[in-house]
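User: I'm new to this one and would like a close look at a single part of it. Could you walk me through it in plain words?

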Amino acid sequence: MFTRTLEPAFYDTDALGHINNTRLPAWFELARNDLFRLFTPDLDPRKWALIMARLDVEFLAELFYGEDIEIRTWISRLGNSSFTVTQEAWQNGRPGARGNTVLVHYDHEAKRAAPLPANVRQALEAHLVDTAEAGA
């Protein structure tokens, strides 16, 4: 599991005084950089081999400005060419949001999914966690 701590900025808040729901997908994407580096170590978009097939975010509790947020990132499903990344945003010992992103290893020239390379699969397996166990 990867973890990343973020300090919310004032502009992350909304008129209701909590973190705006549009920030969570952006924060989750930022925290996926650790996984992206397994495919493209220098994060050069010209070498990118992933596409997003699905994204969902479930809001569990309010998150607030002025207190750090920990983003937890892990692999919850590993297929032949795709995998699911599950992420949670925690603040003060409780989850505020959970998201799932399905990413596909993709051959942009052939315009089709491609099997995950063995070395990348092995690196992803190191972060494979049962979602029920992850939030504990």
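To get my bearings, what pattern does the chain follow, read along the sequence? And after that, which residues of helix 1 are buried, and what covers them?

Analyst: Happy to. Keep in mind that this is a predicted model. Reading along the sequence, you get the pattern β-α-α-β-β-β-β-β-α-α. The radius of gyration of the chain is 16 Å, close to the 14 Å that the globule rule gives for 136 residues, so the chain is as compact as a globular protein of that length. In total there are four helices and six strands.

Now for helix 1, the part you asked about. Helix 1 covers residues 23–31, and its buried residues are L24, W27, F28 and A31. Looking down the axis of helix 1, those buried residues fall within an arc of 100 degrees, so they line one face of the helix.

What sits over that face? The cover includes pieces from several parts of the chain: strand 1 (2–6) and helix 2 (33–39) are among them, and so are strand 2 (50–59), strand 3 (69–78), strand 4 (82–91) and strand 5 (94–107). For the chain as a whole, take the contacts with a separation of 6 or more: 65% of them are between residues 24 or more positions apart.

Let's step out from helix 1 to the loops around it. Before it comes the loop between strand 1 and helix 1, and that is where you find F10. F10 counts as exposed, with 61% relative accessibility. To get a feel for distances, try F10 and S82: they are 72 residues apart along the chain, and their C-alpha atoms are separated by 36 Å.

Going the other way, past helix 2, you reach the loop between helix 2 and strand 2, which holds T40. T40 is a buried one, at a relative accessible area of 2%. If you set aside its neighbours within four places in sequence, T40 is in contact with K47, W48 and A49. You can also tie T40 back to helix 1: T40 and L24 are 16 residues apart along the chain, and 23 Å separates their C-alpha atoms.

Two of the strands that cover helix 1 also lead to a backbone detail. Most residues other than glycine have a negative phi. N92, in the loop between strand 4 and strand 5, has a positive phi near 55 degrees and is not a glycine. N92 counts as exposed, at 59% relative accessibility. K111 is another such case: its phi is positive, about 60 degrees, although it is not a glycine. You'll find K111 in the loop between strand 5 and strand 6 (112–113), and K111 is exposed, with a relative accessible area of 59%.

Finally, here is the whole chain as a backdrop for helix 1. The C-alpha trace spans about 45 × 30 × 25 Å along its principal axes. Of the 136 residues, 39% count as buried. The accessible surface comes to about 7,400 Å², and 50% of that belongs to carbon and sulfur atoms. As for charge, the chain has 14 positive and 19 negative charges, and the mean positions of the two sets are 7 Å apart.

So, back to your close-up: L24, W27, F28 and A31 are the buried residues of helix 1, and they line one face of the helix because they fall within an arc of 100 degrees.

Methods:
Residues are numbered from 1 along each chain as its sequence is written. This is a predicted model: local features need pLDDT of at least 70, side-chain atom pairs count only at pLDDT 80 or more; totals for chains, interfaces and linings use all residues. Side-chain values use heavy atoms; hydrogens and water are left out. Buried means under 20% relative accessible area, exposed over 50%, partly exposed in between (1.4 Å probe, protein chains only). Helices (H or I, at least four residues) and strands (E, at least two) are DSSP runs, numbered from the N terminus. The arc is that of the directions from the helix axis to the C-beta atoms. Contact means heavy atoms within 4.5 Å. The radius of gyration is taken over C-alpha atoms; the globule rule is 2.2 Å times the number of residues to the power 0.38. Accessible areas come from the Shrake-Rupley method with a 1.4 Å probe; for residues, only the protein chains shown count as cover. Lys and Arg count as positive and Asp and Glu as negative; His and the chain ends are not counted. The place of a charge is taken as NZ of Lys, CZ of Arg, CG of Asp or CD of Glu.
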